[in-house]
Amino acid sequence: MRIALLGFGSVGQGIARAILAKDLDIIVTGLADSRSGTIDAGGIDLLAALARKGDGGPCGNPGVSPADVVAKAEYDVLVEVTPTNVETAEPALGHIRAALQRHKHVVTSNKGPIALAYPELRDLAEANGVLLKYEATVCGAIPLIHAMQEGLAGNTISRLYGVFNGTCNYILTRMAAEGLTYEQALAEARELGYAEADPTYDVEGIDAGVKLVILANTILDMHTTLDDVERTGITLLTPDALQLAEDLDCTIRLIGEIIPGAGVLRVSPRIVPKVHPLVVEGTLNAVTVEADLAGDLTFIGKGAGSTETASAVIGDLLYIRDRHVQGS
Amino acid sequence: MKLEMKDQPGQLVAALKPISAVGGNIIAVIHQRETSTATETLDVQIVLELPEGRLPNLLELLRAQGVSVVRIGEERLLYECTLIMIGHLMHTDLSDTVDQIDRTGSAEVTELSLVMPAIDAPSSARITIRSTTRAEMKRAIRILRAVAEQKNLLIIEPLEDA
């Protein structure tokens with residue numbers, strides 16, 4: 001199977017390393033980062049591209065743009081793993097549209113296009129006889145979307161809730177364990193690479209909110225935007241508040257919650273008993289799904305990371321290959 | 001409450017029917033088959049929820065069925081919910097915040113633990129509310145949310161309902 005890879009940061013490099021390390025029968029015929037691109041129908045040398053990137057250089061030729069790769073490379077699936085833009089979803093949205101119009105399948109880890117334009121993209125994929133997969137957009141390595149679309153097909157979901165943001169979970173875990181202030185725990189998360197220089201997207205609950213929108217719109221048949229999510233972050237939490245929870249054998253976690261029947265989409269810090277399955281440590285994610293036939297299911301796993309997110313992307317790729325790509 | 005009734009077939013059903021008729025919700029029925037007195041009566045204990053003000057109506061219906069009520073142990077505030085508040089709780093008049101819940105008459109703040117780390121630093125409090133019904137608890141939390149928004153306080157609710 002031939003893929004074109006847009007985005008060569010943490011996730012893109014994780015995918016390249018997995019392709020090199022494992023016999024996945026995947027050839028990369030197009031590759032682009034924000035500054036450069038390369039097209040090679042015979043297969044790009046990923047080891048060399050990783051080495052160039054490791055030296056701080058571009059992955060390809062500055063004269064080749066991502067749009068060129070989308071439009072001109074020979075591939076079966078476009079793998080779009082560039083950073084998320086939650087306001088416009090661009091430039092990823094345009095690239096995904098262009099690939100679908102070329103009758104190419106698309107796999108993405110980019111939350112923007114799925115949260116903002118899923119119905120349009122789904123219809124476009126259908127009209128062109130191809131698939132659009134986005135497992136990596138929600139909770140990294142946890143195959144939550146596949147589980148809900150395939151394994152739980154036929155169930156009605158009455159509620160879905162959990163820990164959708166590893167950065168916040170790390171901060172709250174450290175505040176509870178060590179009595180750190182929010183600022184101290186955030187500084188620690190930054191040092192370890194768990195938090196961005198500007199942590200707003202994580203700590204204000206925007207990231208978790210976008211994930212709720214994706215689940216609501218693509219699986220729960222709701223029609224929502226980020227503005228519909230009632231959202232409170234963790235920036236005002238105090239060590240005292242965590243101690244007050246601790247006194248009751250509870251702790252505080254940033255919980256994203258969807259109740260489809262009541263139209264509830266909510267991200268907020270909540271008091272949770274410490275023995276609750278959603279109280280996971282560090283950067284883990286955990287999601288409980290309440291289904292009418294299956295009962296309650298809780299998924300726990302790594303919500304971010306280069307290899308972990310690559311796992312979700314590769315799962316989508318092999319799903320497409322096994323069902324749709326001929327002659328690969 | 002504890003009911004006493006005749007030891008005859010159909011008596012228990014006769015005692016339970018009026019409860020749903022007045023909009024009550026039966027939580028438990030404890031039926032001990034030991035005659036309590038020399039007379040042929042049975043003791044049955046029923047735990048139930050009733051909308052405010054329906055008790056006299058229920059007692060009247062039970063009496064009409066020939067069921068006598070021996071004892072009524074009324075626990076008004078059945079539901080409990082504990083939340084955490086963060087912000088300038090004293091400067092925004094904590095007693096007014098509590099009062100807005102208590103004023104409902106069907107929900108009360110029954111416990112409050114307050115931590116004030118330093119002057120001008122936000123304080124944290126754990127607040128326990130008790131209410132007569134689940135609906136009243138939801139109403140009390142709605143009130144608290146509105147107060148919090150107005151006073152710029154952060155409210156942390158429990159994951160699970162009361």
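Mentor: Buried means under 20% relative accessible area and exposed means over 50%, with partly exposed in between. The structure discussed here is a predicted model.

Trainee: How many aromatic pairs are there over all chains?

Mentor: The search covers the whole structure and every chain in it. The number of aromatic pairs it finds is two.

Trainee: What kind of pair do the rings of A:Tyr118 and A:Tyr134 form?

Mentor: The ring centres of A:Tyr118 and A:Tyr134 are 5.5 Å apart, and the planes stand at 65 degrees. Planes over 60 degrees apart count as edge-to-face. The pair of A:Tyr118 and A:Tyr134 is therefore edge-to-face.

Trainee: How many residues apart in sequence are the parts that this pair of A:Tyr118 and A:Tyr134 ties together?

Mentor: A:Tyr118 belongs to helix α5 (residues 111-127) of chain A. A:Tyr134 is in the loop between β6 (132-133) and α6 (144-151) of chain A. A:Tyr118 is buried at 9% relative accessibility, and A:Tyr134 is buried at 3%. The separation between the parts tied together is 16 residues.

Trainee: At what distance apart are the ring centres of A:Tyr170 and A:Tyr194?

Mentor: The planes of A:Tyr170 and A:Tyr194 are at 65 degrees, so this pair is edge-to-face. A:Tyr170 lies in helix α7 (residues 166-178) of chain A, and A:Tyr194 in the loop between α8 (182-191) and α9 (200-203). The pair thus ties together parts 24 residues apart in sequence. The distance between the ring centres is 5.0 Å.

Trainee: Does A:Tyr194 count as buried, partly exposed or exposed, and which class is it?

Mentor: Its partner A:Tyr170 has 10% relative accessibility and counts as buried. A:Tyr194 has 37% relative accessibility. Because the class between 20% and 50% is partly exposed, A:Tyr194 counts as partly exposed.

Trainee: Over the ring of which residue does the charged end of A:Arg323 sit?

Mentor: A charge also lies over a ring at A:Lys104, which is over the face of A:Tyr75 at 5.6 Å from the ring centre. The charged end of A:Arg323 is 3.7 Å from the centre of its ring. That ring belongs to A:Tyr319.

Trainee: Which are the edge strands of the open sheet of six strands in chain A?

Mentor: The strand order in this sheet is β3-β2-β1-β4-β5-β6, with mixed pairing. Within it, β4 (residues 77-80) and β5 (residues 105-108) pair in the parallel sense over four bridges, and A:Glu80 stands opposite A:Thr108. An edge strand pairs on one side only, and the two of chain A are β3 (37-39) and β6.

Trainee: Which peptide bond is cis, with omega near 5 degrees?

Mentor: The proline of this bond, A:Pro91, lies in the loop between β4 and α4 (92-101) of chain A. The residue before the proline in this bond is A:Glu90. The cis bond runs from A:Glu90 to A:Pro91.

Trainee: What is the phi of A:Asp221, which is not a glycine?

Mentor: A:Asp221 lies in the loop between α10 (206-218) and β8 (230-231) of chain A, and with a relative accessible area of 64% it is exposed. Another residue of chain A, A:His103, has a positive phi of about 65 degrees and is in the loop between α4 and β5. For A:Asp221 the phi is positive, at about 60 degrees.

Trainee: What area is buried between chain A and chain B?

Mentor: The contact takes 22 residues from chain A and 17 residues from chain B. Carbon and sulfur atoms give 65% of the buried area. A:Asp240, A:Leu244 and A:Ile271 supply 36% of what chain A buries, more than any other three residues. The area is about 1,700 Å².

Trainee: With which residue does A:Glu230 form a salt bridge?

Mentor: Four salt bridges are found across the interface of chain A and chain B. In the one formed by A:Glu230, the closest N and O atoms are 3.6 Å apart. The partner of A:Glu230 is B:Arg145.

Trainee: How many residues apart are A:Glu257 and A:Arg159?

Mentor: Their side chains meet in a salt bridge at 2.9 Å, N to O, and A:Glu257 and A:Arg159 are both buried. A:Glu257 is in strand β9 (residues 250-259) and A:Arg159 in strand β7 (residues 157-163) of chain A. The pair links distant parts of the chain, at a separation of 98 residues.

Key: Residues numbered from 1 in each chain as written. Chains lettered and ligands numbered in written order. Predicted model: local features only at pLDDT ≥ 70, side-chain atom pairs only at ≥ 80, totals over all residues. Heavy atoms only, no water. Phe/Tyr/Trp six-rings, centres within 6.5 Å; stacked < 30°, edge-to-face > 60°. Buried < 20%, exposed > 50% of the residue type's maximum accessible area, 1.4 Å probe, protein only. Lys NZ or Arg CZ within 6 Å of the ring centre and 35° of its normal. Pairing = 2+ DSSP bridges. Contact = heavy atoms within 4.5 Å. Buried area = accessible area lost by both parts, 1.4 Å probe.
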